[in-house]
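Here are my notes on this one, written as numbered points. Keep the model open beside you and look up each residue as it comes along.

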Amino acid sequence: MARFVEMDELVTISEQMEEDIGPIIFVNKFNVNPVDVDEFLKRWAADATAFKQQPGFISAQLHRGIAGSGTFINYAVWESTAHLKRAVNNVGVQARLSEYPASIVISPHIFKKVAVPGICVG
């Protein structure tokens, strides 16, 4: 089973799920052993398909580090943390994690846009 490591040492993903805001960006960083990449991609695609069918899902994109990197980032947009929380419960994430190779480390975190004048909108 894959292992969780919090992305932020001060705020857990569970704490974030309790703050009802939206829209939100859900980022999941995966560290994957090169021998497990194919299995990871198969499992991630199955999970993404299940999440895509949940209310509040807007979009998702998987990225991989270059030069043979085993680091992947999933960037998903949700209408709100409440939608994401319901989806996590509906999809049965804990059971699905047992299907991932044990070498995989998952670090999830929830973000919101930040406005920086002259650079980006909030």
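1. Let's start with a quick puzzle: does Asp36 count as buried or exposed? At 16% relative accessibility, Asp36 counts as buried. The cut-offs are under 20% relative accessible area for buried, over 50% for exposed, and partly exposed in between, using a 1.4 Å probe and protein chains only. Asp36 sits in the loop between E2 and H2, where it touches Pro101 and Ser103, leaving out residues up to four places away in sequence. Contact here means heavy atoms within 4.5 Å. For a sense of distance, the C-alpha atoms of Asp36 and Tyr75 are 21 Å apart, with their positions 39 residues apart along the chain.

2. Some ground rules before we go on. This is a predicted model, in which local features need pLDDT of at least 70 and side-chain atom pairs count only at pLDDT 80 or more, while totals for chains, interfaces and linings use all residues. Residues are numbered from 1 along each chain as its sequence is written, and side-chain values use heavy atoms, with hydrogens and water left out.

3. Now the overall layout. The protein chain has four helices and five strands, and from the N terminus they follow the order β-α-β-α-β-β-α-α-β. The radius of gyration is 15 Å, close to the 14 Å that the globule rule gives for 122 residues, so the chain is as compact as a globular protein of that length. (Helices, H or I with at least four residues, and strands, E with at least two, are DSSP runs numbered from the N terminus; the radius is taken over C-alpha atoms, and the globule rule is 2.2 Å times the number of residues to the power 0.38.) Along its principal axes, the C-alpha trace spans about 45 × 35 × 30 Å.

4. What about inside and outside? Of the 122 residues, 39% count as buried. The chain exposes about 7,400 Å², and carbon and sulfur atoms supply 57% of that; these areas come from the Shrake-Rupley method with a 1.4 Å probe. Among contacts between residues at least 6 apart in sequence, 74% join residues at least 24 apart.

5. Next, the largest nonpolar core, meaning a set of buried Ala, Val, Leu, Ile, Met, Phe, Trp, Tyr and Cys residues joined through side-chain atoms within 4.5 Å. There are 26 residues in this core, and Phe30, Phe40, Trp78 and Ile104 touch the most other members. Elements giving two or more residues to this core include strand E2 (24-31), helix H2 (37-52) and strand E4 (71-78). H2 gives the most, with five residues.

6. Trp78 deserves a stop. Leaving out residues up to four places away in sequence, Trp78 touches a long list, including Pro23, Phe51, Gln54, Phe57 and Ala87. Pro23 is in the loop between H1 and E2, and the peptide bond from Gly22 to Pro23 is cis, with omega near -5 degrees.

7. Follow that list to Ala87, which is found in helix H3. At 1% relative accessibility, Ala87 counts as buried. Beyond its neighbours within four places in sequence, Ala87 is in contact with Phe51, Gln54 and Trp78. Ala87 and Phe51 are 36 residues apart along the chain, yet their C-alpha atoms are separated by 6.6 Å.

8. Two more partners of Trp78 are worth a click. Gln54, in the loop between H2 and E3, counts as buried at 16% relative accessibility; past four places in sequence, Gln54 is in contact with Trp78, Ala87, Asn90 and Val91. Phe57 is in strand E3 and, with the sequence neighbours up to four places away left out, touches Phe51, Lys52, Val77 and Trp78.

9. Finish with a contrast. Asn74 lies in strand E4 and counts as buried at 8% relative accessibility; its contacts more than four places away in sequence include Phe26, Phe30, Trp44 and Leu62. Ala67, in the loop between E3 and E4, is exposed, with a relative accessible area of 84%. Check its backbone too: phi of Ala67 is near 65 degrees, a positive value in a residue other than glycine.
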